[in-house]
Structures are given as structure tokens and as C-alpha cells.
Amino acid sequence: MTTEPARRHEAPELEPGGELETQDYVVTRADLVRYAGASGDFNPIHWSDRVATGVGLPGVIAHGMYTLGLASRAVLAWVGDAERIQELGGRFTKPVVVPDDDDGVVVRIAGRIEDVTDGAATIELTVTCGDERVLGMTRARVLC
């Protein structure tokens with residue numbers, strides 16, 4: 001994968017209203033090919049402009065689960081330990097269109113602590129590509 005490893009930070013104090021450091025991930029066509037190999041999802045909308053535009057998409061799109069996986073990387077970067085992540089989920093709202101170049105596209109993930117109850121925090125994630133929200137209702141629950 002051409003994306004940088006998740007940056008690990010000192011785990012922030014998880015208090016309601018707290019903002020977490022925004023995480024940016026570059027996605028290229030090469031990333032999509034590697035993800036297809038790992039996941040077994042070889043749908044041509046993830047690698048062929050002809051097929052993607054032929055079914056009405058604006059171009060080749062990233063796998064939805066790849067995008068959700070980037071959200072999980074951001075949560076890991078924020079909390080520092082995968083064992084602290086209890087839940088993660090979201091809805092696929094817009095596709096991440098990945099250009100056929102070496103620069104790719106940036107998926108940006110921001111987080112805000114919504115609630116802290118019973119030793120766990122609920123984080124609301126905002127996952128965007130350009131000016132578009134690409135995941136909706138994206139939340140994680142992590143141990144404090």
C-alpha cells in the first residue's frame with residue numbers, strides 16, 4: 001500500500017466534545033489492485049474506467065470496505081492499540097473516485113468524541129474525499 005503507516009500518538013484524553021487529529025490517507029489505483037488481491041473482490045469497477053463509466057460511475061472507485069478500513073486505521077492512530085477498539089461501522093454514501101495517475105486521491109478522516117460512558121468512548125468520524133462525505137453515520141466505540 002502506498003499510504004503512510006498509521007501515525008501513532010500518545011492516546012488523547014477521551015472527553016466529550018474533544019476533537020482528534022485529522023488523518024489523511026492517499027489512495028491510488030495500485031492500492032486498489034492490492035486490496036482486490038487481499039479481499040478477493042475483483043469487480044472491474046475497481047480497476048477499469050471503461051466498466052466503471054459504463055455502469056454510470058464517474059470513474060474507477062475504491063472498494064467501500066477499503067474506505068472503511070482507512071477509517072479503522074485512523075481510529076487505531078488515535079487510540080494506539082487495536083484491542084481498545086470495540087466497534088466500528090458506517091454507511092457507504094458516496095464513492096471514492098481514484099484517478100489513473102501516480103498522485104491518487106486523499107481520504108480525510110476527522111474524529112470527535114461524542115460520549116464517554118462506562119469506560120468507553122463513542123467517536124463520530126467524518127470521512128471525506130475532496131468536499132464530499134464518502135461515509136455516513138460512521139462511529140467507533142473504544143475503551144478509555
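**View 1. Asp24 and Arg108 join two strands.** Asp24 is partly exposed, with a relative accessible area of 35%. In this predicted model, its side chain meets that of Arg108 in a salt bridge, with 2.6 Å from N to O. Arg108 is partly exposed too, and its relative accessible area is 42%. Asp24 sits in strand β1 and Arg108 in strand β3, so the pair ties together parts that are 84 residues apart in sequence. Side chains of opposite charge can pair when their charged atoms come close. A search of the whole structure turns up six salt bridges, and a few others appear in the next views.

**View 2. Glu132 reaches Lys94.** Here the closest N and O atoms are 3.7 Å apart, and the two side chains form a salt bridge. Which parts of the chain does this pair link? Glu132 belongs to strand β5, while Lys94 is in the loop between β2 and β3, 38 residues apart. Glu132 has 40% relative accessibility, so it counts as partly exposed. Lys94 is partly exposed as well, with a relative accessible area of 43%.

**View 3. Glu19, Arg112 and Glu114 form a network.** These three residues are linked by salt bridges. In the pair made by Glu114 and Arg112, the closest N and O atoms are 2.9 Å apart. Glu114 is partly exposed at 33% relative accessibility, and Arg112 is partly exposed with a relative accessible area of 35%. Arg112 also has a bridge partner in β4, namely Glu124.

**View 4. Five strands make an open sheet.** Read across the sheet and the order is β1-β3-β4-β5-β2, with antiparallel pairing. Which strands sit at the edges? They are β1 (19-27) and β2 (85-92), each pairing on one side only. From one strand to the next, the twist averages 20 degrees. Helix α3 (residues 64-79) packs on the sheet and touches β1, β2, β3, β4 and β5 (132-143). The direction of α3 makes about 145 degrees with that of β2. Look inside the sheet for β3 (residues 105-117) and β4 (residues 120-129), which pair in the antiparallel sense over ten bridges.

**View 5. Thr122 on strand β4.** Thr122 has its place in strand β4. Is Thr122 buried or exposed? Its relative accessibility is 17%, and under 20% means buried, so Thr122 counts as buried. Leaving aside neighbours within four places in sequence, Thr122 is in contact with Arg112, Ile113, Glu114, Asp115, Arg139, Ala140 and Arg141. Two of these names, Arg112 and Glu114, are familiar from the salt-bridge network with Glu19.

**View 6. Helix α3 is largely enclosed.** This helix has 16 residues and reaches 23 Å from its first C-alpha to its last, close to the 22 Å expected at 1.5 Å a residue. Why call α3 largely enclosed by the rest of the structure? Twelve of its 16 residues are buried, so that is how the helix ends up. Among the buried ones are Leu68, Leu70, Ala71, Val75, Leu76 and Trp78. What covers the buried residues includes α1 along with β1, β2, β3, β4 and β5. Just after the helix comes Gly80, whose phi is positive, near 80 degrees.

**View 7. Thr67 within helix α3.** Thr67 lies in this helix and, at 4% relative accessibility, counts as buried. Which residues does Thr67 touch, not counting those up to four places away in sequence? They are Ala62, Val96, Val127, Val134 and Leu135.

**View 8. Tyr35 meets Tyr66.** The structure holds one aromatic pair. The rings of Tyr35 and Tyr66 have centres 5.3 Å apart and planes at 75 degrees, so the pair is edge-to-face. Tyr35 lies in helix α1 and Tyr66 in helix α3, so the pair ties together parts that are 31 residues apart in sequence. The two partners can also be described by their accessibility. Tyr35 counts as partly exposed at 22%, whereas Tyr66 is buried, with a relative accessible area of 5%.

**View 9. Asn43 in a loop.** Finally, take a look at Asn43, found in the loop between α1 (29-39) and α2 (49-54). Asn43 counts as partly exposed, at 35% relative accessibility. Asn43 and Ile61 are 18 residues apart in sequence, and their C-alpha atoms are 10 Å apart in space.

Conventions. Residues are numbered from 1 along each chain as its sequence is written. This is a predicted model: local features need pLDDT of at least 70, side-chain atom pairs count only at pLDDT 80 or more; totals for chains, interfaces and linings use all residues. Side-chain values use heavy atoms; hydrogens and water are left out. Two strands pair if DSSP finds at least two bridges between them. Helices (H or I, at least four residues) and strands (E, at least two) are DSSP runs, numbered from the N terminus. Axes are lines fitted to C-alpha atoms, for helices over the stretch in contact, and angles run from 0 to 180 degrees between N-to-C directions. Contact means heavy atoms within 4.5 Å. Buried means under 20% relative accessible area, exposed over 50%, partly exposed in between (1.4 Å probe, protein chains only). The expected span of a helix is 1.5 Å times one less than its number of residues. Rings of Phe, Tyr and Trp (its six-membered ring) pair if their centres lie within 6.5 Å; planes under 30 degrees apart count as stacked, over 60 as edge-to-face and the rest as tilted. A salt bridge is a side-chain nitrogen of Lys or Arg within 4 Å of a carboxyl oxygen of Asp or Glu.
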